[in-house]
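This report walks through the packing, the enclosed and open spaces, and the charged pairs of one protein chain. Please keep the sequence and the model side by side while reading.

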Amino acid sequence: MAATDLILPAPPIPGVVPARARKVFVVTHPEATHHVDGVVGGQFDSELTVKGLEDADLIAAALADRIGEERSRHVVSSDLRRAAWTAAAIGVVLGVEPELDSRLREKSYGLAGGREQSWLDERFVAPPAVGDRMSHVEGLDGAEVRLDVACRVYEAMSEALARDVDDLVVVTHGYAATFVVAAWIGMPIEAAGHVAFHVRSGSITTLREDAFFHNRAVLAVGETAHLQR
């Protein structure tokens with residue numbers, strides 16, 4: 001079914017969620033075993049590597065530097081292990097218990113999850129340049145379409161942004177992160193067919209809502225300087 005035929009979640013802008021001054025830090029989990037094993041991630045539940053665990057501590061330290069002790073904070077994360085472990089490291093440093101939300105998971109690649117990347121590449125059907133890209137089927141049994149990911153991420157962000165906190169940390173995955181940012185800026189889901197925010201593993205994207213205009217700013221996308229040792 002096309003995106004235009006459905007009742008879609010509204011973007012979580014002021015009026016849908018309470019307006020307030022705040023920052024949101026969108027974190028993508030660092031190196032996981034599927035990266036080094038050359039297999040498809042998606043919802044295949046890989047773990048952080050030793051390097052990934054070390055990078056999770058660096059991410060946590062970087063966030064502690066940006067979030068003052070006097071500011072209220074909350075951490076919400078995908079429940080896949082590589083993200084949840086990252087959130088746990090952040091939670092220890094920030095003094096909060098992360099909330100796990102399966103709606104922040106990476107896109108499911110169906111039967112391709114956990115298989116060699118070449119298996120997916122041989123079967124993948126790229127979306128058209130023009131047309132309904134949100135409902136495009138990529139040729140993989142059991143895989144989500146773009147619309148599936150967008151809807152669940154928008155719903156998760158509406159719930160997370162309803163919290164009355166100064167700083168929100170959202171721990172997710174590279175593909176899903178695009179829809180976290182799209183939701184933040186108020187992009188209607190039906191307009192998200194071409195949007196992409198390319199971010200590396202272990203990155204931090206910084207978003208801000210100001211107290212006067214209540215504009216939704218994107219201050220920095222995919223920063224990784226904190227990972228330099």
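**The enclosed space**

In what follows, Ala, Val, Leu, Ile, Met, Phe, Trp, Tyr, Cys and Pro count as nonpolar, Asp, Glu, Lys and Arg count as charged, and the others, Gly among them, count as polar. The model is a predicted one, and a search of the whole structure finds 1 cavity of 30 Å³ or more. About 50 Å³ of space lies in this largest cavity, and its lining is made by V26, T28, A177, T178, V181, F197, V199, S203, T205 and V221. Two elements, β1 (22-28) and α6 (174-184), give two or more residues to that lining, with α6 giving the most, 3 residues. Sorted by the classes above, the lining of the largest cavity holds 6 nonpolar residues, 4 polar ones and no charged residue.

**The open pocket**

About 300 Å³ of space lies in the largest pocket, and of the 21 residues that line it, those closest to its centre are H34, H35, G41, G42 and E106. At least two lining residues come from each of α1 (33-37), α4 (117-123) and α6, and the element that gives the most to the lining of the largest pocket is α4, with 3 residues. The lining of the largest pocket divides into 6 nonpolar, 11 polar and 4 charged residues.

**Nonpolar cores**

The largest nonpolar core has 34 residues, and inside it V24, V170 and I189 have the most contacts. The elements that give two or more residues to this core are β1, α5 (146-161), β4 (167-172) and α6, and the largest share, 10 residues, comes from α5. Leaving aside residues up to four places away in sequence, I189 touches L8, P9, M134, L147, A150, C151 and Y154. A second, separate core of 17 residues includes L63, V75, I204 and L227.

I204 also appears in the surroundings of E223, a residue of strand β6. E223 and I204 are 19 residues apart in sequence, yet their C-alpha atoms are 5.1 Å apart in space. With residues up to four places away in sequence again left out, E223 touches R66, G202, S203, I204 and T206, and E223 is partly exposed, with a relative accessible area of 32%.

**Charged pairs**

Side chains of opposite charge can pair when their charged atoms come close. The count of salt bridges in this model comes to 16. In one of them the side chains of R22 and E209 meet at 3.2 Å, N to O; because R22 lies in strand β1 and E209 in strand β5, the pair ties together parts that are 187 residues apart in sequence. Both R22 and E209 are buried.

The salt bridge between K51 and D55, at 2.8 Å from N to O, lies within helix α2 (residues 50-66), where the partners are 4 residues apart, about one turn of the helix. K51 is partly exposed at 40% relative accessibility, whereas D55 is buried at 2%. D79 and R105 form a further salt bridge, their closest N and O atoms being 2.7 Å apart. This pair links distant parts of the chain, 26 residues apart, with D79 in the loop between β2 (73-77) and α3 (81-94) and R105 in the loop between β3 (99-100) and α4. Finally, R20, D164 and D166 are linked in a network of salt bridges.

**A backbone detail**

Most residues other than glycine have a negative phi. H214, although not a glycine, has a positive phi of about 55 degrees. H214 is placed in the loop between β5 (204-209) and β6 (216-223), and is partly exposed, with a relative accessible area of 26%.

Note on methods: Residues are numbered from 1 along each chain as its sequence is written. This is a predicted model: local features need pLDDT of at least 70, side-chain atom pairs count only at pLDDT 80 or more; totals for chains, interfaces and linings use all residues. Side-chain values use heavy atoms; hydrogens and water are left out. On a 1 Å grid over the protein atoms alone, a cavity is a set of points where a 1.4 Å probe fits but cannot get out, and a pocket is an open set with protein on both sides within 12 Å along at least five of seven lines; lining residues have an atom within 4 Å of a point. Grid points are joined across faces, edges and corners, and a volume is the space filled by probe spheres set on the points. Buried means under 20% relative accessible area, exposed over 50%, partly exposed in between (1.4 Å probe, protein chains only). A nonpolar core is a set of buried Ala, Val, Leu, Ile, Met, Phe, Trp, Tyr and Cys residues joined through side-chain atoms within 4.5 Å. Contact means heavy atoms within 4.5 Å. A salt bridge is a side-chain nitrogen of Lys or Arg within 4 Å of a carboxyl oxygen of Asp or Glu.
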